[in-house]
Amino acid sequence: MKDQGLADEKLVLLKGVSGAFRPSVLTALIGISGASKTTPMDVLAGRNTGGYIEGNITILGYPKKQETFAQTSGYCEQNDIHSPRVTIYKSLLYSAWL
């Protein structure tokens, strides 16, 4: 990063991001490649593999607790393998178990 003229040690990928999801409604996050769709979903799902996470994540105004959030939500990545003979619910359940 410093070779490209960036003085900071960290590259900020997302800043001032917020959103809302309706309960019990299947929601898709879509956009062009490189639009940072996976980054916020990985952070919410607790799948982050590196870097720094700063800020607050709240669910219904309360701080997110990963243990209970994982029990009530599901997240399938685009590259997850899905069987055409399995329902969306079962795919999400399987992904949550992993």
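These are my notebook entries on what I looked up in this predicted model.

**Entry 1, overall make-up.** I began with the secondary structure and found 3 helices and 2 strands in the protein, with the elements running α-β-β-α-α from the N terminus on. I then looked up burial, and buried residues make up 7% of the 98 residues. For the surface, I noted that the protein exposes about 9,000 Å², of which carbon and sulfur atoms supply 55%. Turning to contacts with a separation of 6 or more, I recorded that residues 24 or more positions apart account for 35% of them.

**Entry 2, Lys64.** I next went to Lys64, which I located in the loop between strand E2 (62–63) and helix H2 (66–72). Is Lys64 buried or exposed, and which side chain of opposite charge is nearest? I found that Lys64 is buried and yet has no salt bridge, the nearest side chain of opposite charge being that of Glu67, 9.0 Å away. With the cut-off for a salt bridge set at 4 Å between a side-chain nitrogen and a carboxyl oxygen, I entered Lys64 as unpaired in that sense. What the side chain of Lys64 does reach is the backbone oxygen of Leu44, at 2.8 Å. I also listed what Lys64 touches once residues up to four places away in sequence are set aside, and the list holds Val43, Leu44, Gly46, Ile57, Thr58, Ile59 and Phe69; Leu44 is thus on the contact list as well as being the residue whose backbone oxygen is reached.

**Entry 3, Ile59.** From that list I followed Ile59, which lies in strand E1 (residues 58–59). Leaving aside neighbours within four places in sequence, I found Ile59 in contact with Lys64 and Phe69, and Phe69 is also among the residues that Lys64 touches. I entered Ile59 as partly exposed, because its relative accessibility is 34%, and the class runs between the 20% and 50% cut-offs. I also looked up the pair Ile59 and Phe21, which are 38 residues apart in sequence, and I noted a C-alpha to C-alpha distance of 9.8 Å in space.

**Entry 4, a nonpolar patch.** Last, I looked at the surface for nonpolar side chains. Which residues make the nonpolar surface patch of about 380 Å²? I recorded Leu11, Leu13, Leu14 and Val17. Of these I checked Leu11 individually, and I found it in the segment before helix H1 (38–45). Leu11 counts as exposed because its relative accessibility is 52%, and the class begins over 50%.

Key
Residues numbered from 1 in each chain as written. Predicted model: local features only at pLDDT ≥ 70, side-chain atom pairs only at ≥ 80, totals over all residues. Heavy atoms only, no water. Helix = DSSP H or I, 4+ residues; strand = E, 2+ residues; numbered from the N terminus. Buried < 20%, exposed > 50% of the residue type's maximum accessible area, 1.4 Å probe, protein only. Contact = heavy atoms within 4.5 Å. Lys, Arg positive; Asp, Glu negative; His and termini not counted. Polar contact = N/O pair within 3.5 Å; in protein donor to acceptor, adjacent residues only side chain to side chain. Areas by Shrake-Rupley, 256 points an atom, 1.4 Å probe, with all protein chains shown as cover. Patch = residues over 30% accessible without salt bridge, like charges linked within 9 Å, V, L, I, M, F, W, Y side chains within 5 Å.
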